[in-house]
Amino acid sequence: MRLEKVGRQRAMTLASGCDFSSNDYLALAGSAALRSAAMDALARGVSPGSGGSRLLRGNCAEHLGLETDAARFFGSESALFVGSGFAANSLVVSTLPQRGDLILHDELIHASVHEGMRMARAPCQKFAHNDVDAAADAIARWRAKGGCGTPWIAFETLYSMDGNVAPVDDFAALAERAGAMLLIDDAHAVGVCGPEGRGLAAHLHGCENVVTLVTCGKALGCEGALILAPSVLRDFLVNRGRSFIFSTAPSPLIAAIVRESLSIVANADERRQRLRLIIEHAGERLAPLGITPSGMHIQPVPIGEDSRTMRIAEALQARGFDIRGIRPPTVPAGTARLRISLTLNIDEAAVSELATALEDLL
Ligand SMILES: Cc1ncc(COP(=O)(O)O)c(C=O)c1O
């Protein structure tokens with residue numbers, strides 16, 4: 001196979017070692033609270049399977065209850081629950097922008113947005129990472145050439161492979177000026193950042209030009225995703241979104257667990273504070289090694305060359321640290337890196353041990 005020849009063949013391994021790679025930032029995935037939410041839901045008769053599409057027999061009280069809870073918690077007019085963040089992004093991007101519109105996206109946007117763009121009706125254009133002026137220029141050029149539809153600007157709030165944050169308010173101001181819609185992917189911030197863990201776009205959720213992706217498989221410790229949007233756009237997705245219409249509804253049991261997870265996250269300031277201390281400790285231990293602290297729960301260690309990155313990752317794994325090397329095509333060529341994820345599954349002592357190992361290996 002060609003992938004094997006170029007050293008890019010991937011294989012799945014069972015999780016082992018100290019967790020520096022999951023997105024289970026608040027350590028909820030295996031928590032007693034979510035386990036008992038599952039048991040309680042089963043005990044009151046919630047089914048593991050939905051049995052069909054939401055538009056046929058698969059629409060359950062748990063889906064609707066979750067969507068009501070989520071809209072209230074995040075402050076959006078409505079929410080739509082779907083099976084994964086990947087499915088949500090590709091649904092939104094392939095369904096909402098219309099012919100005559102323009103999709104602008106950050107050059108580092110997640111693969112799921114690219115998947116939506118492959119199916120989208122509108123042309124797509126990337127702008128330099130986090131560069132609001134570049135996005136503004138692209139809109140101005142498009143308008144000058146006669147573009148008269150709506151520009152849709154897609155970006156992540158907290159970048160999953162870089163750990164840096166987008167200028168969310170500057171994008172919001174641009175959208176206001178330019179009559180644009182914002183497609184905000186808040187996958188890695190929800191649960192950890194913002195008031196009550198409502199994410200880095202919490203203050204924008206009620207706006208009529210904002211659609212936000214909340215994933216339930218990261219800090220929420222579960223799976224699935226919530227699309228926060230004005231009701232008119234939710235209705236459009238329900239009526240026109242092919243992967244929503246022609247697909248089995250997510251498990252009602254999972255919806256019930258996500259409901260519980262949302263209420264845990266709303267009251268998890270103590271967990272967020274503990275994670276903040278771990279992040280600060282990581283910054284203090286990694287900076288002397290020449291690693292710029294991201295100040296967030298995603299901490300990249302830039303290496304550059306693919307094979308060296310994978311060798312260091314394997315050496316760390318052999319010492320009991322579950323750290324993965326990230327290489328192209330997930331990140332641009334020449335920017336392979338280790339991705340350190342900081343979660344409540346580890347503590348400061350584990351971070352210190354990791355820093356010692358890195359000092360040896362870098
Ligand atoms: C930024 C971003 N958006 C979307 C997704 C997709 O979410 P999910 O894992 O729920 O499919 C991910 C996760 O891989 C992500 O990192």
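Which residue stands opposite Ile103 in E4? The legends below take up this point along with the ligand site.

**View 1. Strand E3 in a predicted model, with its paired strands.** The model is predicted, so that local features need pLDDT of at least 70 and side-chain atom pairs count only at pLDDT 80 or more, while totals for chains, interfaces and linings use all residues. Residues are numbered from 1 along each chain as its sequence is written, and side-chain values use heavy atoms, with hydrogens and water left out. Ile103 of E3 stands opposite Cys124 in E4, and E3 pairs with strand E4 (residues 124–127) in the parallel sense over four bridges; strands are DSSP runs of E with at least two residues, helices runs of H or I with at least four, numbered from the N terminus, and pairing requires at least two DSSP bridges. E3 also pairs with E5 (residues 151–156), again parallel and over four bridges, with His105 opposite Ala154.

**View 2. The two faces of strand E3.** Five of the five residues of E3 (residues 102–106) are buried, meaning under 20% relative accessible area with a 1.4 Å probe and protein chains only. Leu102, Leu104 and Asp106 lie on one side, and Ile103 and His105 on the other.

**View 3. Polar contacts of the ligand.** A polar side-chain atom of Asp185 lies 2.6 Å from a ligand nitrogen atom, whereas polar backbone atoms of Gly85 and Phe86 each lie 2.8 Å from an oxygen atom of the ligand. Taken alone, the ligand exposes 390 Å², of which the protein buries 79%, the areas coming from the Shrake-Rupley method with a 1.4 Å probe.

Notes:
Buried < 20%, exposed > 50% of the residue type's maximum accessible area, 1.4 Å probe, protein only. Polar contact = N/O pair within 3.5 Å; in protein donor to acceptor, adjacent residues only side chain to side chain.
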